[in-house]
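Thank you all for coming. I would like to walk through one chain with you this morning, going element by element, and I will ask a few questions along the way.

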Amino acid sequence: MMARKNHKDKMEAKARSIRRKRAFVVAGAAAAVHYLCLVATATCGVLFMLHPRIDTVLALIGSLGLAVASWIVGYFKRRAALCPLCNGTPLLASGALPHVKAVWIPPFNHGVSAVLSMIFTQRFTCMYCGCRFDLLKDSNRRPQADD
Ligand SMILES: [Zn+2]
């Protein structure tokens, strides 16, 4: 138990800050909007199955349109968020061989896992260089001896 806590503390300490956070914040917000649109589409799909009427069809078509539009916007925003170390796209899986330290949440790929991790914990791991980043860490802070 103690060794596990020490390992976790070490992982926390290794998380780096990001100087230009804006691209990551915008990409995370766009991805969150897309995921909410997917939930809306699934809800409208269930409503359509239960009550196949013209208003539920219109709601389903509208939510599908929003889901597609938000995916297109989110794709370009995730592509614009570049890793400060390796200049890769950690929020968008390219199919390249991931780093041995890269983490992912099955059944999602590395890009979606990084986006979900960023939305819920403000931290993510770059799948190309294996470096861990923390959006809440102050990038202007001077490095301490224990960093
Ligand atoms: Zn990287």
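Let me start with helix α4, which has 12 residues and reaches 16 Å from its first C-alpha to its last, close to the 16 Å expected at 1.5 Å a residue. Please keep in mind throughout that what you have in front of you is a predicted model. Which residues of α4 are buried? They are H110, G111, S113, A114, V115, L116, S117 and M118, and the buried residues of this helix pack against α2, which spans 22-50, as well as against α3 and β1.

With that helix placed, we can step back to the chain as a whole. Its secondary structure comes to four helices and two strands, and, read from the N terminus on, the elements run α-α-α-α-β-β. The chain has 147 residues, of which 31% count as buried, and it exposes about 10000 Å², with carbon and sulfur atoms supplying 66% of that area. If we take the contacts between residues at least 6 apart in sequence, 61% of them join residues at least 24 apart.

Now to the metal. Which protein atoms are the donors of the zinc ion? They are the SG atoms of C83, C86, C126 and C129, and they lie 2.2 to 2.3 Å from the ion. The arrangement is tetrahedral because the angles that the four donor atoms subtend around the zinc ion run from 104 to 118 degrees, and for four donors to be called tetrahedral here, all angles have to lie between 85 and 135 degrees. In sequence, the spacing of the donor residues is C-x2-C-x39-C-x2-C. C83 sits in the loop between α3 (54-80) and α4 (110-121), while C126 sits in the loop between β1 (123-125) and β2 (132-134), so this pair ties together parts that are 43 residues apart in sequence. Are these two cysteines, C83 and C126, buried or exposed? Both C83 and C126 are buried.

The two strands bring me to the salt bridges, of which the count comes to two. In one of them, the side chains of R123 and D134 meet at 3.3 Å, N to O, and this pair links distant parts of the chain, with R123 in strand β1 and D134 in strand β2, 11 residues apart. The partners differ in their surroundings: R123 is partly exposed, with a relative accessible area of 21%, whereas D134, at 10% relative accessibility, counts as buried. Since the cut-off for buried is under 20%, R123 at 21% is placed in the partly exposed class.

The other salt bridge joins the side chains of D55 and R53, again with 3.3 Å from N to O. Here D55 is partly exposed, with a relative accessible area of 40%, and R53 is also partly exposed, at 49%.

Last, I would like to point to a tryptophan in helix α3, namely W71. W71 is partly exposed, with a relative accessible area of 42%. Which residues does W71 touch, if we do not count those up to four places away in sequence? The answer is H34 and R78; and W71 and H34, although 37 residues apart in sequence, are 5.8 Å apart in space, taken from C-alpha to C-alpha.

Note on methods
Residues are numbered from 1 along each chain as its sequence is written. This is a predicted model: local features need pLDDT of at least 70, side-chain atom pairs count only at pLDDT 80 or more; totals for chains, interfaces and linings use all residues. Side-chain values use heavy atoms; hydrogens and water are left out. Donors are N, O and S atoms within 2.8 Å of the metal (3.2 Å for Na, K and Ca); water is not among the atoms, so sites may look incomplete. Four donors count as tetrahedral if all angles lie between 85 and 135 degrees; four count as square planar and six as octahedral if opposite donors are over 155 degrees apart and all others between 65 and 115; anything else is irregular. Buried means under 20% relative accessible area, exposed over 50%, partly exposed in between (1.4 Å probe, protein chains only). Contact means heavy atoms within 4.5 Å. Accessible areas come from the Shrake-Rupley method with a 1.4 Å probe; for residues, only the protein chains shown count as cover. A salt bridge is a side-chain nitrogen of Lys or Arg within 4 Å of a carboxyl oxygen of Asp or Glu. The expected span of a helix is 1.5 Å times one less than its number of residues.
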